[in-house]
Amino acid sequence: ELMTLQKALASRAPGERDCYYFNVKGAEATGYPVGQRHKPGFMVLAGSTVNGEQADSLREAVIALRQALLAKGVLEPLEQGYRFVQDQLFNSPSLAASLIAGNNRSGLDAWSNQEGFTLKQSGFGKKE
């Protein structure tokens, strides 16, 4: 596992961001971590889609943020769900994943790169 990760890191051009993906219930999202490795924010890229349903247990803050992004035009309604029309920075990978999935998620476990490593496996979220 470590050798695959090292090979993936070595093959990247300088300054190139490692994209992470999250697919759930018809929603497909792409983004990348931003900021400090031990407590990253997360940038979701335009074109990513959001599940239109939400669990009863979804935190009020996530519901309010979804409504605010709709009101601002950052999210546009689709026949099933929503789509980001511009890149959107979130305070955490978990907030991004929860909004996209419509239920509470651990972002460090939800987002994975094309090699299949989660953010947690890639060293994000660990204390320095």
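Which residue of β6 does T49 stand opposite? Keep that in mind as a first target while the whole chain is on screen, and bear in mind throughout that this is a predicted model.

**The whole chain**

Colour by secondary structure to begin with: the protein chain has four helices and seven strands, and from the N terminus on its elements run α-β-β-β-β-α-β-β-β-α-α. If you switch to a surface, the chain exposes about 7500 Å², of which carbon and sulfur atoms supply 48%. Buried residues make up 39% of the 128 residues, and among contacts between residues at least 6 apart in sequence, 56% join residues at least 24 apart.

**The two hairpins**

Select residues 20-24, which are strand β1, together with residues 27-34, which are strand β2; the two pair in the antiparallel sense over five bridges. Within this pairing, Y21 stands opposite T30 in β2. The two strands form a hairpin with two residues between them, and K25, in the turn, has a positive phi of about 45 degrees.

Keep β2 selected and add residues 41-44, strand β3, which pairs with β2 in the antiparallel sense over four bridges. Here G31 is the residue to centre on, as it stands opposite V44 in β3. β2 and β3 also form a hairpin, this one with six residues between the strands, and G35 in its turn has a positive phi of about 95 degrees.

**The open sheet and its helix**

Now return to the opening question by selecting T49, and you will find R83 of β6 opposite it. Two bridges join β4 to strand β6, residues 82-84, and these strands run antiparallel. Widening the view, three strands form an open sheet in the order β4-β6-β5, with antiparallel pairing. Its edge strands are β4, residues 49-50, and β5, residues 75-77, each of which pairs on one side only. Show helix α2, residues 60-72, next: α2 packs on this sheet, where it touches β4, β5 and β6, and its direction makes about 85 degrees with that of β5.

**Strand β7**

Select residues 88-90, strand β7, and centre on Q88, which lies in that strand. Is Q88 buried or exposed? Q88 is buried, because its relative accessible area is 16%, which falls under the 20% cut-off for that class. Leaving aside neighbours within four places in sequence, Q88 is in contact with F42, M43, V44, L69 and V74.

Move to F90, and show its surroundings as sticks: not counting residues up to four places away in sequence, F90 touches G41, F42, V44, L65, L69, F84, L95, A96 and L99.

**Helix α3 and the nonpolar core**

Select residues 93-101, helix α3, which is largely enclosed by the rest of the structure, because eight of its nine residues are buried. Those buried residues are P93, L95, A96, A97, S98, L99, I100 and A101. Just after the helix comes G102, whose phi is positive, near 85 degrees.

Finish with the largest nonpolar core, which has 27 residues; select F22, V44, F84, F90, L99, I100 and W111, the members with the most contacts inside it. The elements that give two or more residues to this core are β1, β2, β3, α2, β6 and α3. Of these, α3 gives the most, with six residues.

Notes: Residues numbered from 1 in each chain as written. Predicted model: local features only at pLDDT ≥ 70, side-chain atom pairs only at ≥ 80, totals over all residues. Heavy atoms only, no water. Pairing = 2+ DSSP bridges. Contact = heavy atoms within 4.5 Å. Axes fitted to C-alpha atoms, helices over the stretch in contact; angles between N-to-C directions. Buried < 20%, exposed > 50% of the residue type's maximum accessible area, 1.4 Å probe, protein only. Areas by Shrake-Rupley, 256 points an atom, 1.4 Å probe, with all protein chains shown as cover. Core = buried A, V, L, I, M, F, W, Y, C linked by side-chain atoms within 4.5 Å.
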